[in-house]
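Reader: I am new to this structure and would like a close look at one part of it. Please pick a single stretch, go through it slowly, and then show me what else is worth seeing.

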Amino acid sequence: MSKIHILPLHEAQKIAAGEIVERPASVVKELIENALDAGATHITIQIEDGGKKLIRIVDNGSGMNYQDAHLCTAMHATSKIRSIDDLKALHTFGFRGEALAALAASSQMTIITKQADTHEGIHIIIQEGIHKITEPIAAQTGTIIEIRDLFCTMPARQKFLKKRETEMGHIKQLIDAIALVHPQVHITVYADAVLIHNYLPTDNLYERTANILQAKAHNYTLVSCTKELDQMHLTCFVSDHHYSRYDRTGIMMFANKRWIKNIHLSRAIARAYMNVLPEGRFPVAIVMLDIPGTELDINVHPRKEEVQFVHPRTIEQWVHDSIKETLNTQISHLLQKTPQNSSFPVYKENTISMIPPMQPSYTASYFYQKSSQEPSISILSPALSITPSPNTYPHTNGQSEIDPLPQEYEIIGQLHKTYILVHHAEGLLMVDQHAAHECILYSKFEHAVDHNAPIQLLFPEIIQLTEAEIALLEPYLYIFKENGIIIEHFGQTNLRVNALPACNKQTSTEELIRTILNVLQEYKALTDDELSVLLHKKLRAQMACKAAIKAGDILDMQQMKLLLHDLYATKDHLTCPHGRPTCWLISLYEIEKKFKRKM
Ligand code: ADP
Ligand code: MG
């Protein structure tokens, strides 16, 4: 007896259903996309029990005639392409002709549809892929598709469905994504008979986006930019540096109005926030690309989520640069703006330029005199530090060669041993002493020539990692070496730190290595050169952080003056290397508003 037999069609369809329809949100996606393909301008979505009980999509699109309504649930039934060549010029979301067939095989499906030029519509009920009822019905022009008891024919799959809230969460995110790129479509959403969204149609993409993201409610400014490159068009809406999330859920990418997943592009977007947001934090970024169909391969995934670009590096670089430029423009804009009613960390550029060019202050020389002496000592125990703890801002004994502060600044004092309060012509300036010092040191480390000459450790530090981590790190150990950190691999899972740069002795090398591992995981796509620059920056940031004065350190007037002077003289002084603001101007207007002197 032969072992091979052909699967009955409805069994094959159930297997296909598993690939296309992963969960209720993927059903909603397929059905909304069909409605959009049919030219709908109003789509109503009704969900019950997270889509497990009911998904009902009502559209006012073209509808289907009798024949098409019958055919649409057959496998590979599509009106959208005739051959694979049509894919290149595709303007619709669907093309595989699989979604309705798969859904019909795995649920109780009802279709009601009517075209504009007929008097009556068609009502079809399909159970497990079999047409049970087909009858005429009175209906509006458009289509209603109802999916009840999803996966009722596949109990194993049904078990994988998550609780109502989880499935509803996925559905909401999906609907938001679709609403973002179709502002002109009216989208109404009911969950368990309660109206949860009503996105009114608009021509204003910014308005729709801000509405969906609720930027105001979350207290950040949504900055937008549009760019052209060859035949490609880019629109971005991104959060400013006041907002961040712990994960990437705020990053959404679209290619030709299709919500896509592409980890490399997502990393490029997050990279644009380097030195703007703290390590491990992510922005909100809606990135919409319009590019010729020939630049995209959407055929790689049955759910059409994972998309590959034909020229990925060009696109990633373009998006990265555009967002970075937008953020920079935003910051310069803030610098020039009179902070009448904003609470951004601002002081005016012209005030800064009044300060004499930086003199080698005690702080600056302090580090380099010491560290440049150090390399002559070849063996040093990590416990034997020859540098006095740099965690204290050096005392100046009240003598200062220059008066660092312009007339209009007057230090009021220190608040909670953490913030320096400054009388400012336009209000109250608060400076975070740690962030400010970090920012100063970070910039100084950049210009120090030999600050990373290594010192041999008497007792090498041993760091245990996994084999996978070592494999990831090993090709880059030379970058550590260039930065004065000499590490060798020994044993299966150990690294030995043999030497450290003088100014880095305070730093935990393990922490440093873990940070760098994170960077490597996050920025896999970088070239060695880019990575080297990035790692160098991270090392400097870490060193600056360790060496800087901390919150809780008491500063005297002279030290505060010096700190402010150095801060103003530092080039990028608005944020510390981790992206936190160094200072904050509370405008007089805001203060007066609080006291109800102004409304
Ligand atoms: P695809 O979208 O890949 O063509 P589907 O299985 O999703 O495949 O749909 C099959 C066909 O049914 C579509 O090509 C379209 O002609 C028709 N169809 C599906 N949904 C609608 C709708 N809401 N309005 C009009 N026609 C529809
Ligand atoms: Mg479809």
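Author: The answer below starts with one strand and then moves outward to other parts.

The model is predicted: local features need pLDDT of at least 70, side-chain atom pairs count only at pLDDT 80 or more, and totals for chains, interfaces and linings use all residues. Residues are numbered from 1 along each chain as its sequence is written, chains are lettered from A and ligands numbered from 1 in the order in which they are written, and side-chain values use heavy atoms, with hydrogens and water left out.

Begin with the overall count. The protein has 18 helices and 23 strands. Both are DSSP runs numbered from the N terminus: helices are H or I with at least four residues, strands are E with at least two. Of the 599 residues, 49% are buried. Buried means under 20% relative accessible area, exposed means over 50%, and partly exposed lies in between, with a 1.4 Å probe and protein chains only. Take contacts with a separation of 6 or more: 70% of them join residues 24 or more positions apart. A contact means heavy atoms within 4.5 Å.

Now the strand to look at. Strand β11 covers residues 251-255. Five of its five residues are buried. In a regular strand the side chains alternate between the two faces of the sheet. In β11, Ile251, Met253 and Ala255 sit on one side. Met252 and Phe254 sit on the other. Both faces are covered.

What does β11 pair with? One partner is strand β13 (residues 285-290), which runs parallel to β11 and is joined to it by five bridges. Two strands pair if DSSP finds at least two bridges between them. Across this pairing, Met253 stands opposite Val287. Another partner is strand β12 (residues 258-260). This pairing is antiparallel and has three bridges. Here Met253 stands opposite Ile260. So Met253 faces Val287 in β13 and Ile260 in β12. The link from β11 to β12 is a hairpin with two residues between the strands. Asn256 is in the turn, and its phi is positive, about 50°.

Elsewhere, eight strands build an open sheet with mixed pairing, in the order β5-β4-β3-β6-β2-β1-β7-β8. Strands β5 (130-137) and β8 (194-199) are the edges, and each pairs on one side only. From one strand to the next, the twist averages 10°. Inside the sheet, β3 (residues 108-114) and β6 (residues 142-148) are antiparallel, with seven bridges. Ile111 stands opposite Ile145 in β6. Helix α2 (residues 24-37) lies across β1 (42-48), β2 (54-59) and β6. The helix runs at about 10° to β2. Such angles compare N-to-C directions of lines fitted to C-alpha atoms, for helices over the stretch in contact, and run from 0 to 180 degrees.

Next, the ligand. There are 19 residues around ligand 1, and Asn34, Thr78, Ser79, Lys80 and Gly97 come nearest. A residue is near if one of its heavy atoms lies within 4 Å. Backbone atoms meet ligand oxygen here. A polar backbone atom of Gly97 is 2.8 Å from an oxygen atom of ligand 1. For Ala99, the distance is 3.3 Å. For Leu100, a backbone N or O atom lies 2.9 Å from a ligand oxygen.

Two further strands each offer a residue to inspect. Asn494 lies in β22 (residues 494-501). Asn494 is buried, at 16% relative accessibility. Beyond its neighbours within four places in sequence, Asn494 contacts Ile462, Ile463, Gln464, Ile470, Glu488 and His489. Ile412 lies in β17 (residues 410-415). Ile412 is partly exposed, at 48%. Not counting residues up to four places away, Ile412 touches Leu421, Val422, His423, Leu428 and Met557. Ile412 and Leu429 are 17 residues apart along the chain, and their C-alpha atoms are separated by 9.8 Å.

Last, the cysteines. A disulfide is a pair of cysteine sulfur atoms within 2.5 Å. The count of disulfides comes to zero. Cys545 has its closest cysteine sulfur in Cys576, 7.8 Å away, too far for a bond. Cys576 is in no disulfide either, and its nearest cysteine sulfur, that of Cys439, is 7.6 Å away. Cys545 is partly exposed, at 22% relative accessible area. Cys576 is buried, at 2%.

Definitions and conventions. A polar contact is a pair of N or O atoms within 3.5 Å; within protein, one must be able to donate a hydrogen and the other to accept it, and residues adjacent in sequence count only if both atoms are side-chain atoms.
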